[in-house]
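Me: I am in my first year and would like a close look at a single part of this protein. Could you take me through the last helix and its surroundings, slowly and in connected sentences?

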Amino acid sequence: MFSYTVFKNAVKSNYFLWIVVTLTTTIFLSATIFAVENLTSNGATIPGADGNVFSLLDQTFFSMIGILIPLIYIVVVSNKLISKEVDNGSMAFTLTTPLGRTRLIFSRILFLLVSIVMMFTVVTLGGLAAA
């Protein structure tokens with residue numbers, strides 16, 4: 001049900017985009033945590049945050065940046081995984097191999113899910129390191 005070759009090919013073709021999106025999201029989260037900690041340690045009140053650090057993080061990071069950047073990654077990579085081969089005409093060649101369609105799609109979906117989990121793991125660890 002899983003093809004290591006297809007998975008490896010998906011990793012090779014998408015690792016740069018994954019690194020860019022993961023580092024961007026991690027930097028935004030770290031900068032937000034750093035700014036919130038500096039503001040609250042100086043005794044400044046944050047308007048609209050109800051005096052809660054987590055409320056401000058929720059309003060700034062998790063409402064926009066923490067959701068939109070990974071969503072853009074998901075749309076781009078899922079489109080790239082299937083549509084690129086259809087447009088190039090190599091999907092017909094791929095389907096003539098002994099590799100079944102379900103095995104091909106399952107391997108690519110597994111790559112997408114693993115890359116998303118790894119992305120959020122790295123972002124979470126970066127946020128914990130910044131805290």
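**A close look at helix α4**

Reply: The protein chain has four helices and zero strands, and this is a predicted model, so please read every value below as computed from that model. Read along the sequence, the chain follows the pattern α-α-α-α. Its radius of gyration is 20 Å, well over the 14 Å that the globule rule gives for 131 residues, so the chain is more spread out than a compact globule. The box filled by the C-alpha atoms, taken along the principal axes, is roughly 65 × 25 × 20 Å.

Before we turn to the helix itself, a few values for the whole chain are useful as background. Buried residues make up 31% of the 131 residues, where buried means under 20% relative accessible area. The accessible surface comes to about 8300 Å², and 71% of that surface belongs to carbon and sulfur atoms. Among the contacts with a separation of 6 or more, 80% are accounted for by residues 24 or more positions apart. As for charge, the mean positions of the 7 positive and 5 negative charges are 25 Å apart.

Now to the part you asked about, approached from the loop that comes before it. L99 is found in the loop between α3 (90-96) and α4. Is L99 buried or exposed? At 18% relative accessibility L99 counts as buried, because the cut-off for buried is under 20%. Leaving aside neighbours within four places in sequence, L99 is in contact with S3, V6 and L104.

Helix α4 itself covers residues 101-130, and R101 has its place in this helix. R101 is exposed, with a relative accessible area of 61%. The C-alpha atoms of R101 and M1 are separated by 9.9 Å, although these two residues are 100 residues apart along the chain.

Further along, S107 also lies in helix α4. S107 has a relative accessible area of 0% and is buried. Which residues does S107 touch, leaving aside its neighbours within four places in sequence? S107 is in contact with M1, F2, S3, V6 and F7.

I109, again in helix α4, is partly exposed, with a relative accessible area of 45%. The C-alpha atoms of I109 and A10 are 9.9 Å apart in space, while the two residues are 99 residues apart in sequence. Looking back towards the loop, the C-alpha atoms of I109 and L99 are separated by 15 Å, with their positions 10 residues apart along the chain.

The next residue to consider is F111, whose place is likewise in helix α4. F111 is buried, with a relative accessible area of 5%. Leaving aside neighbours within four places in sequence, F111 is in contact with F7, A10, V11, N14, Y73, V77 and L81. Its C-alpha atom and that of V6 are separated by 9.1 Å, and the two residues are 105 residues apart along the chain.

One of the contacts of F111 deserves a slower reading, namely the one with F7. How many aromatic pairs does the structure hold? The structure holds two aromatic pairs. In the pair of F7 and F111, the ring centres are 5.9 Å apart and the planes stand at 75°, so the pair is edge-to-face, because planes over 60 degrees apart count as edge-to-face. This pair links distant parts of the chain, since F7 belongs to helix α1 (residues 4-41) and F111 to helix α4 (residues 101-130), 104 residues apart. F7 is buried, and F111 is buried as well. Ring pairs also bring in F2, so that F2, F7 and F111 are linked into a cluster.

To draw the picture together, S107 is in contact with F2 and F7, among others, and F111 is in contact with F7. S107 and F111 are buried, whereas R101 is exposed and I109 is partly exposed.

Definitions and conventions: Residues numbered from 1 in each chain as written. Predicted model: local features only at pLDDT ≥ 70, side-chain atom pairs only at ≥ 80, totals over all residues. Heavy atoms only, no water. Helix = DSSP H or I, 4+ residues; strand = E, 2+ residues; numbered from the N terminus. Rg over C-alpha atoms; globule rule 2.2 N^0.38 Å. Buried < 20%, exposed > 50% of the residue type's maximum accessible area, 1.4 Å probe, protein only. Contact = heavy atoms within 4.5 Å. Areas by Shrake-Rupley, 256 points an atom, 1.4 Å probe, with all protein chains shown as cover. Lys, Arg positive; Asp, Glu negative; His and termini not counted. Charge placed at Lys NZ, Arg CZ, Asp CG, Glu CD. Phe/Tyr/Trp six-rings, centres within 6.5 Å; stacked < 30°, edge-to-face > 60°.
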